[in-house]
Structure formats: C-alpha cells, structure tokens
There are 2 protein chains.
Amino acid sequence: MLDGLVISIDAMGGDDAPNIVIKGIEHFLTHEGQGRRARFQLHGDAEALAPLLEAAPRTRERSEVFHTEKTISMDDKPSQALRKGKGSSMWNAIAAVKGGQAGIAVSAGNTGALMAMSKLQLRAKRGVQRPAIAASWPNLSGDMTVVLDVGANVECDAAQLTEFAVLGEAYFRAIYGKQDPVVGLLNVGTEEGKGNTTIKAAHERLAQSQLGLNYIGFVEGNNISSGNVDVVITDGFTGNIALKTAEGTAKLISTFFSEALNDNWWSKFTTALNLMALRKLKKKMDPRRANGGVFLGLNGIVVKSHGGTDAIGYANALNIAMGLAESDFQDAIDERLDALHDEDDNIGFIA
Amino acid sequence: MLDGLVISIDAMGGDDAPNIVIKGIEHFLTHEGQGRRARFQLHGDAEALAPLLEAAPRTRERSEVFHTEKTISMDDKPSQALRKGKGSSMWNAIAAVKGGQAGIAVSAGNTGALMAMSKLQLRAKRGVQRPAIAASWPNLSGDMTVVLDVGANVECDAAQLTEFAVLGEAYFRAIYGKQDPVVGLLNVGTEEGKGNTTIKAAHERLAQSQLGLNYIGFVEGNNISSGNVDVVITDGFTGNIALKTAEGTAKLISTFFSEALNDNWWSKFTTALNLMALRKLKKKMDPRRANGGVFLGLNGIVVKSHGGTDAIGYANALNIAMGLAESDFQDAIDERLDALHDEDDNIGFIA
C-alpha cells in the first residue's frame, strides 16, 4: 500500500472525461506532482478507465478504481443531480472526503451539481451561511488575484460577504504563501458612501473588525487585474459576471494583437522573427494557469476544474488541490471564523 | 448669427478643463465635425476661456461664451453639487437644454453631479423611473457594444431593467445605424432559471413583450466583448463593475503584449520592423473611441465625456452628441416606452 495524500477524482466529470482526467493526472505526476506523495481514487466506469490507465503508467501505479456507471451530465440542474445522483462518480468522489478516505476531491463536472452535492454531503462549516467559489486571475504584478464568490450565491447579504473575506484571505495565504494579503470589497467607486445597502453594511463591518485582516476598503473592477489587491470580495452574481467579462476582454485584446501581428506578409515575417518572446508571452497568458475554482467554507475541500480544460489545465487544478490539502488553511479559517462570530455577537451585528 | 445645432458645453468640467474642452471642440470642428453646422455655448470663466479661444479660431468663430465663475469639482458629492451648484458652468450648460437654447449638453465633469443636475432640471421622461448611463465597448466583430446602466442606479428592479432595454435599443439604432440591434440581459448563465429574482422577472417581461425588440434572452460577461450582442442590459452596480473590469483586463493584456514585444534587443528590433501594423492596432484599441457616456431617459440629451480624456477623446464625445441630436431617437424612445407601459397595464406587470 502506497502512502501519501489521497485525492478522490470524479473521473467522469468534464467535457472530454475520462480521457482528459487521466491524462491530467499523468501530467501532474510527471511534472508538478513529481516526487510528491499523492494517490488517487478514481470514481467512474472501470471499463472506460482501463485502456486509459494502460497508457498512463504513473497514474495506474498510484490509483485505485472505484467503479460506478452513474454519471452527472453537464446539463443536469442541481436539483436533478441531487435527486438521481447518489452513487454517481461525482457523488462518490465527495463521499470519499466525507468518509475520510480521501483528503480532497476534484471534479471537472457540472459546477451547480458539484456544489449542491458538496453542501449536502460535507455541510457548511459551523457558522458559515453559504460556501463560496474562489477563482484566481492573473494581474499586472505578475501574481494572481483571488476573486470570490464567482457564482455559488447570486444573492448575498453583508454577513456572507464578511465571511467571504475570511475564507478568501485564508485561501490566498495557503495557496500563494503571502502572509498578509490585501483584501478589498468590490464596489462602483472607492469613496465611502458608494454602493448599495449590502455593500455599505459589509464595508462597515469589515472596517471595524479587529480580526487582523489587511482590509483596504472598496476596490473597483479594474483592481481585479491591477495587482494592488490580492483578494477581491463580491457576491456570486457580480463575481461571475466580472470574471467572464475579464475572460471575454482578454480574448478580445489578444485577438486584436494576433491580427495585427499577422496582418500582412511583412508583419507575419517580423512576428516570426520574434517567436521566442511571443512563446514566453503565451505561457504567461495561459488561461490553464488560472484553472481550479475552490469551494470554500465546507467541512472538506473540493476543487472544481474547468469542464473544457485539457490535461495541463487539469494538472493545474490538481496542483491547487494538493497545495490546499497540505496546508492548514481549514484550521486558519475555523480560527478566524470563530473570532468573526464572537465579534458579531459583541457588536450585535445582524446583516 | 450662424445657424445649425447648438451644443451647450460645461467648459469647466474635466481634469484639465477648460484647456482640453476647447482643444476638443477645435479638433471636432477640424475633423469629425467639419462641414457640419454646429454652434457652441461655452459655459465657464470668460477670463480663462479668452486666451484658449485665441488659439482656437474655428471654435471662436462658432462659439458664444456665457460667463460664470462657479464650478463643480470632481470631488463634490451629488447632494453638495445640487445645494451649491446653481449657476455653475455645469448647471448652466444643462439649463440651456432645458430652456431650448441648446439641443444637447456635454460635460467632462463629475458624473454624479451631472446626473443629479440633469434629473433635477430636465426631469425623467414620462413613465421612466430612473434615467441610465449608456457606454460603448469595442467587440470582436470590430463594432461597438452598448452597455447600460453603467453606474447611475446601483439598485434596479425588473421594470427599470425592462425600460433600459427600450432606451438602449433606441440609442444603439441612433448611434450605430443598425436597424434591429440584438438586445441581451446580463446574467450568470444563459439557461432559464439562472440568476436572482429581479433578473428572472425582467427576462420574463422582455420575453413576452410584443414591442418588436430583438431580445435574445440572457447573455454572460464575455458577451460584452464577443460581438454577438449589440445592447447589454444590466443594473448600474453590475454594469459599472463589468466595464471597469473590462478596462482593467484590456490594460493587463496590452501590457503583457507590449512587454513581450520589447522583451530584449531582438524583440525590440523585430517589433520596430512591424510598426505599421502595430500603429493600426493602436488606433483600433484607442479607448478614446469609446469615450462618451450618454444619459438616457431624460427630457433632453446630456453626454458625459471621461474626465481624464484628451482633445481627441473629447471630440469623440462631441461626435456622439451631434449624432444623437441629429437623430430622432428621443421620439423612438417615447413611442416604445408608451407601448411598453400599455403592455404593462394589460398584463398587470408590477416589478
């Protein structure tokens, strides 16, 4: 029996599952995860997995297959998934975390279903109203900015936003190793008095807190990319739209540049002369670097890979998962949450 | 006395006013506005304007100065501006539209103050609950996408969102000449049932409308840049954050490309060989092209230029203003709004 951290995998979740999933694990074990002691529980169709494992020797060596024929489709609504999903590859991957057989679960499947099943099985941490999804976005400093919530909760009150600050800050420390990350609250302006009632209440609550968060107040949409904020707090409606707007704009500007660099034979020629620098750029802008949304606030860690990613992107999600599982961020969250709720009681805060 | 459309100008509004304002008018009259019969009312400090007009012969010839020493600062809150702002350059520019001496007002001053004064003086159109600010954003088709509201109303109900669709559609037709622009409602997913209560109610209302809007349902953040939607409807909180996120991301990706193209002496050299194509790109991505937010839903037209723009950006705002003033978009709005509210009554719609 091999030792090391156990990662339970929804092998059937994702646009090109289980193919990309197994290739992703193999890539991870060959590169990022080389020498790190990870083992895998593969939940899915044993017959479909067998030939893939044949071609992935490192994965085969460190994996155990847990057969199930049931899968959740990308179109299933969360309520449908809960109704018919028990025993599916997604359900079983989460159940392994709940049962303690695995330290963390990873799925590239349907986000809504994954969140619903995670909440049902793992339950929200004591005191957390609603878990959130945190995503990473590259910034001008060359680092990453964490944004949450990016879609789990389309309506949030001030108490939830305050909790997101605690969750996101602990997550950032665990993943990026910065000890005092800058936390900001997303708003339509930085001046006091801007924004809606909920935002203003959350701001007041965070500003008067003695928790020791490095909270700098309101930030604006451009701060997601500017690099002067590490953790951007927002509700799931705004966060989802901001992140997709950022993705769309990144594509727009990249396309404009590509077109210019290939405008005519001369620009194609000069661009070809500059291939080295452009290859470096491509690596820097690789969206797979940002793959891996993390569910925060649950009694157990679940990482969501983008459904349409490739093996390299999936490996990145595994890398995030492993970094989290090896960190003490769940304890850090518990400690801060307790302090937050003690404060709430003392000041009589009700959102 | 010269004939033609009269544009009333808040000559003192903007980071580098009145300098940029006069230079912007001169640029407009030399380029975009050449041969078009526009005249200008310049509201501001006559002493400060005199030497600037000396250096701007085309502007001088077509302008009349209306002296006032009072100005609104960029930091004034809307309530302060209303209290002390009567008789200011901004106030008087709007008053000229109200009084019928000017067809349209343009200001690069404080947005909140400008909206507050515009609402107080011009009043919302009959039936419009709250005016909105519409902004334009370049897209992958090489055209522009209009987004509204981008900041006037941080909280909106379903009836307001429905009105924004009517306002934005008429605006798009007037400015970009497309007869059947595609209208979408910004949400966290395109499937029915996604989003918060307000969004769902607005969607239902728009979907069952017989107004003849080319409404395609929910769109996502990336559709602001994708070019498959012309008019994106959202509340002022989300719209402001989406637009600023887009601006921040555009800067991020452009910086990444610039760095790559100037990474070392060789990439600098090859980039220099490709200057022509990159100049064309710069023009295409020029943010000044998108300058000019328009206040929709008022009895009178007010255009807001970005406070920090230069003469070329200001000229673009004037170009938008002139296009609007020459169009019949206010009548088109009135017609559609009446039909919308008749429908509301028939189906008993209350947001």
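Axes are taken here as lines fitted to C-alpha atoms, for helices over the stretch in contact, and angles run from 0 to 180 degrees between N-to-C directions. The model is predicted, and local features are described only at pLDDT of at least 70 and side-chain atom pairs only at pLDDT 80 or more, whereas totals for chains, interfaces and linings use all residues. Residues are numbered from 1 along each chain as its sequence is written, while chains are lettered from A and ligands numbered from 1 in the order in which they are written.

We may begin with how the two chains are arranged. Chain A falls on chain B after a rotation of 180° with 0.0 Å of shift along the axis, at an RMSD of 0.0 Å (least-squares superposition on the C-alpha atoms of residues with pLDDT of at least 70 in both copies). The two copies are thus related as by a two-fold rotation axis. At the interface, 50 residues of chain A are in contact with 50 residues of chain B, contact meaning that C-beta atoms placed from the backbone lie within 7 Å. Helix 9 (223-226), helix 10 (236-261), helix 11 (265-273) and helix 12 (275-284) of chain A each give two or more residues to the side of chain A that touches chain B; helices (H or I, at least four residues) and strands (E, at least two) are DSSP runs numbered from the N terminus. Helix 10 of chain A gives the most, with 22 residues. By class, this side of chain A holds 22 nonpolar, 20 polar and eight charged residues, where Ala, Val, Leu, Ile, Met, Phe, Trp, Tyr, Cys and Pro count as nonpolar, Asp, Glu, Lys and Arg as charged, and the others, Gly among them, as polar. Since 100% of the interface residues of chain A are also interface residues in chain B, the copies meet through the same surface.

The pairing of the two copies of helix 10 deserves a closer look. The axes of helix 10 of chain A and helix 10 of chain B come within 8 Å and cross at roughly 35°. Residues of helix 10 of chain A that meet helix 10 of chain B include Phe237(A), Ile241(A), Thr245(A), Thr249(A), Ile253(A) and Phe257(A). This helix-to-helix contact has 14 nonpolar, eight polar and no charged residues. Also in helix 10 of chain B is Phe256(B), which touches Leu281(A), Lys284(A) and Met285(A), not counting residues up to four places away in sequence. Phe256(B) is buried, with 22 other C-beta atoms within 10 Å (20 or more count as buried, 12 or fewer as exposed, and those in between as partly exposed, with C-beta atoms placed from the backbone).

Turning to the sheet, 11 strands of chain B form an open, mixed sheet in the order 3-2-1-4-11-10-5-6-9-7-8, pairing being assigned where DSSP finds at least two bridges between two strands. Strand 3 (63-67) and strand 8 (214-219) of chain B are the edge strands. Strand 2 (residues 38-44) and strand 3 of chain B pair in the parallel sense over five bridges, and Gly44(B) has His67(B) as its bridge partner.

Strand 10 of chain B runs antiparallel to strand 5 (residues 132-138) of chain B, with three bridges, and antiparallel to strand 11 of chain B, also with three bridges. Ala134(B) is partnered by Val294(B), and Gly293(B) stands opposite Lys304(B). Gly293(B) and Phe295(B) point one way from strand 10 of chain B, Val294(B) and Leu296(B) the other way, and all are buried.

Definitions and conventions: Two residues are in contact if their C-beta atoms, placed from the backbone, lie within 7 Å.
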